[in-house]
Amino acid sequence: MQVAVLMVHVVLAVALIVLVLLQQGKGAEAGAAFGGGGASQTVFGSSGSGNFLARFTGVLAAGFFATSLTLAWFASNANQPSVEAGIPNASVIEQQKNSLPSLDDSEESVENTSPVLEESGNADQPAL
């Protein structure tokens, strides 16, 4: 679900950028009033695309805002600790401690079969 909302969020962001770049600034209308710009040959007619693009930008901005809030909600709920997380009770620790074998529990004597370095005749100097 979070991945789908993130994908929609990215698509809305790119669409908003493209839509804002397509719109003409307010200063462009003054040039069209004096005969420049060829307003009768536009795709949206002589009235221009201002009303359509402004409304569509508002719809995309509302969608972008909604997906931003949804992603923020997902992020805040992701850090909620679960019931199992944290420090266990003392009884659980004692049970685990008692179930693990320790070095003192073994009664068998283990013979050391590792090789022993032979000592030299001089006790003051360590053997090399």
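Leaving aside its neighbours within four places in sequence, with which residues is threonine 67 in contact? Beyond those neighbours, threonine 67 touches Val5, Val8, His9 and Leu12. The model examined here is predicted, and this report sets those contacts within the chain.

## Overall architecture

The chain contains four helices and zero strands, and its pattern along the sequence reads α-α-α-α. Of the 128 residues in the chain, 9% are buried. The accessible surface amounts to about 11400 Å², and carbon and sulfur atoms account for 61% of that surface.

Contacts across the sequence are mainly of long range: among the contacts in the chain with a separation of 6 or more, 86% join residues 24 or more positions apart.

## The pairing of threonine 67 and histidine 9

Threonine 67 lies in helix H3, while histidine 9 belongs to helix H1. Their side chains make a polar contact with each other at 2.7 Å. Threonine 67 has a relative accessibility of 9% and is therefore classed as buried, the cut-off for that class being under 20%. Histidine 9 falls under the same cut-off, so with a relative accessible area of 15% this residue is likewise buried.

Outside the four places on either side of it in sequence, histidine 9 is in contact with Phe64, Thr67, Ser68 and Leu71. Thr67 thus appears in the contact list of histidine 9, just as His9 appears in that of threonine 67.

## Valine 8 and leucine 12

Two further partners of threonine 67 are Val8 and Leu12. Valine 8 is part of helix H1. At 43% relative accessibility, valine 8 is partly exposed. The C-alpha atoms of valine 8 and threonine 67 are 7.6 Å apart, although 59 residues separate the two along the chain.

Leucine 12, with neighbours within four places in sequence set aside, is in contact with Leu60, Gly63, Phe64 and Thr67. Phe64 is also listed among the contacts of histidine 9.

## The nonpolar core

Leucine 12 is also a member of the largest nonpolar core, which consists of five residues: Leu12, Leu16, Leu19, Leu53 and Leu60. Helix H1 (2–22) and helix H3 (50–78) are the elements that supply two or more residues to this core. The most, three residues, come from H1. In soluble globular proteins, nonpolar side chains tend to be buried together.

A further spacing relates alanine 61 to alanine 15: their C-alpha atoms are separated by 9.7 Å, with these positions 46 residues apart along the chain. Alanine 61 is located in helix H3 and, at 35% relative accessibility, is partly exposed.

## A nonpolar surface patch

Nonpolar residues are also found on the surface, where Leu6, Val10, Val14, Val18 and Leu22 form a patch. Together these residues have about 450 Å² of accessible area.

Leucine 22, one of the patch members, is in helix H1. Is leucine 22 buried or exposed? Exposure requires a relative accessible area over 50%, and leucine 22 is exposed because its value is 57%.

Notes: Residues are numbered from 1 along each chain as its sequence is written. This is a predicted model: local features need pLDDT of at least 70, side-chain atom pairs count only at pLDDT 80 or more; totals for chains, interfaces and linings use all residues. Side-chain values use heavy atoms; hydrogens and water are left out. A nonpolar core is a set of buried Ala, Val, Leu, Ile, Met, Phe, Trp, Tyr and Cys residues joined through side-chain atoms within 4.5 Å. Buried means under 20% relative accessible area, exposed over 50%, partly exposed in between (1.4 Å probe, protein chains only). Contact means heavy atoms within 4.5 Å. Patches are made of residues with over 30% relative accessible area and no salt bridge: like charges are joined within 9 Å, nonpolar side chains (Val, Leu, Ile, Met, Phe, Trp, Tyr) within 5 Å. Accessible areas come from the Shrake-Rupley method with a 1.4 Å probe; for residues, only the protein chains shown count as cover. A salt bridge is a side-chain nitrogen of Lys or Arg within 4 Å of a carboxyl oxygen of Asp or Glu. A polar contact is a pair of N or O atoms within 3.5 Å; within protein, one must be able to donate a hydrogen and the other to accept it, and residues adjacent in sequence count only if both atoms are side-chain atoms.
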